[in-house]
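Thank you all for making time this morning. I would like to walk through one structure with you, slowly and piece by piece, so please keep the picture in view while I talk.

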Amino acid sequence: MHHPDKTRAGCLITSRAPAKAAGPHFFGGGICHTSRMKILVLGGTKFIGRHFVETAMAAGHDVTLLNRGQTNSELFPNLEKIQADRLDASAMQNAFDSTWDAIADMNGYVPRAIQIAMDALTGKAHHYLFVSTISVYDPAGQTSITVDSPKLAVPPVEIETIDADTYGGLKVGCENTLRAWMGDVTVIRPGMVVGPYDHTDRFHHWVRSIATFPEIKVPKRLSQPVQFIDGRDLADFMRRQIEERVAGTFNAVGPATPTTLGDMFSEIVENAGICKLNPAPADELGKSPFMLPEDGSMDALFRVSAPGVSFRPLAETITDVLKEI
């Protein structure tokens, strides 16, 4: 297998460095690296990772992919590809013979995956960006969540099953493992991500239903808040953090102004088709993405903690999703 030639020595991923003070700051004195960069993407062929690869390529960067080669392997035929299971420590140790300006980690879900990556990539990159989630937060009793809000407990080390009960805590463990190695990292915590390539069928579900049926049942509490970000806007934000080597933790959520479930439905109806919406209680609904508990106990708003996150009009996202359904 051919890999990129070695061109630079890594300098930041070196050892188990003590964690540094929280808060965004810049690597390299804040120098903006907008020229061609070498970026290793862990994942990169599914949803957010795919969008990131596309925006990095469009910006002229030299991208290498590391994944198992099992998901959308036909994508990006002209890129350098390294095939390895990131949970296989031996395979990861033998996977890399180059160095990169940055690593963008799209698919780290359990702490062991981060530990293995750190062991294999020590000395091979200048900057590490990790995609986490707002599910790391414990929402109990909170009305507005910031990056410093309380987090969920990390599950016992032997638990690696990823489900609704463990997902957030495992991501907390991933973040902790990464910071134990490097104090200066970029951690992105997105909320609900929408738009093209979405395999989760959450936002797609509502666009497809409203575009297909003359009437549908929807959650009755249309005033509940919703937050979402188009995957392309998220990817652009992450690319800029890498180009500018911004370290810190960021809640990457939108839209720019608060909106409600009813507002979202109205926008979909306006752009996707005429459909009557019949509010109904939870026990009469089937699949209902975006629905929060009717008692408002999960209504905490996740604030964007970084400047420079841009949000395209929801109508544009709806139009592009319609092309996929």
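Let me begin with a meeting of two helices, where F203, H204, V207 and A211 in α5 are in contact with L314, T317, I318, V321 and L322 in α8. If we sort the residues of this contact between α5 and α8 by class, we find 7 nonpolar and 2 polar residues, and no charged ones. I should say at once that what you are looking at is a predicted model, so please hear everything that follows as a description of that model.

Two packed helices are described by the angle between their axes and the distance between the axes. Here helix α5 covers residues 203–212 and helix α8 covers residues 314–322, and their axes come within 10 Å of each other and cross at roughly 75°. Because the range from 65 to 115 degrees counts as roughly perpendicular, α5 is roughly perpendicular to α8.

Now let me step back to the chain as a whole. The protein chain has 8 helices and 16 strands, and of its 325 residues, 50% are buried. If we take the contacts between residues at least 6 apart in sequence, 80% of them join residues that are at least 24 apart.

With that background, I would like to move across a set of paired strands, starting from β2. Strand β2, residues 38–42, is where L40 sits, and L40 counts as buried because its relative accessibility is 0%. Which residues does L40 touch, once its neighbours within four places in sequence are left aside? They are T64, L66, F96, W100, A102, I103, A104 and L121. There is also a pair of positions to point out here, since L40 and I82 are 42 residues apart along the chain, while their C-alpha atoms are separated by 9.7 Å.

From β2 we pass to β5, as these two strands run parallel and are joined by 4 bridges, with I39 having A102 in β5 as its bridge partner. Strand β5 is covered on both faces, with A102 and A104 buried on one side and I103 and D105 buried on the other.

The next strand along is β6, residues 128–131, and β5, residues 102–105, pairs with β6 in the parallel sense over 3 bridges. Within this pairing, A104 has L129 in β6 as its bridge partner, and D105 stands opposite F130. To get from β5 to β6 the chain passes through helix α3, residues 111–121, in a β-α-β crossover that is right-handed.

In a regular strand the side chains alternate between the two faces of the sheet. In β6 we can follow this residue by residue, for Y128 and F130 point one way, L129 and V131 point the other way, and all of them are buried. On we go to β8, residues 186–190, which pairs with β6 in the parallel sense, again through 3 bridges, and in that pairing L129 stands opposite T186.

Let me return for a moment to the crossover helix, because α3 is where A113 is found, and A113 is buried, with a relative accessible area of 3%. Apart from neighbours within four places in sequence, A113 is in contact with R86 and L87. A113 and T177 are 64 residues apart in sequence, and from C-alpha to C-alpha they are 9.6 Å apart in space.

I will finish with some details of the backbone in the loops. Where does D201 lie? D201 is in the loop between β9 and α5, and its phi is near 55°, a positive value in a residue other than glycine. With 21% relative accessibility, D201 counts as partly exposed.

F290, in the loop between β15 and β16, also has a positive phi, near 80°, and is likewise a residue other than glycine. Is F290 buried or exposed? Its relative accessible area is 9%, and F290 is therefore buried.

The last detail is a peptide bond, the one from G254 to P255, which is cis, with omega near 5°. P255 itself lies in the loop between β13, residues 246–252, and β14, residues 259–260.

Methods. Residues numbered from 1 in each chain as written. Predicted model: local features only at pLDDT ≥ 70, side-chain atom pairs only at ≥ 80, totals over all residues. Heavy atoms only, no water. Buried < 20%, exposed > 50% of the residue type's maximum accessible area, 1.4 Å probe, protein only. Pairing = 2+ DSSP bridges. Right-handed = clockwise from strand over helix to strand, strands pointing away. Axes fitted to C-alpha atoms, helices over the stretch in contact; angles between N-to-C directions. Parallel < 35°, antiparallel > 145°, perpendicular 65-115°, else oblique. Contact = heavy atoms within 4.5 Å. Nonpolar A, V, L, I, M, F, W, Y, C, P; charged D, E, K, R; others polar.
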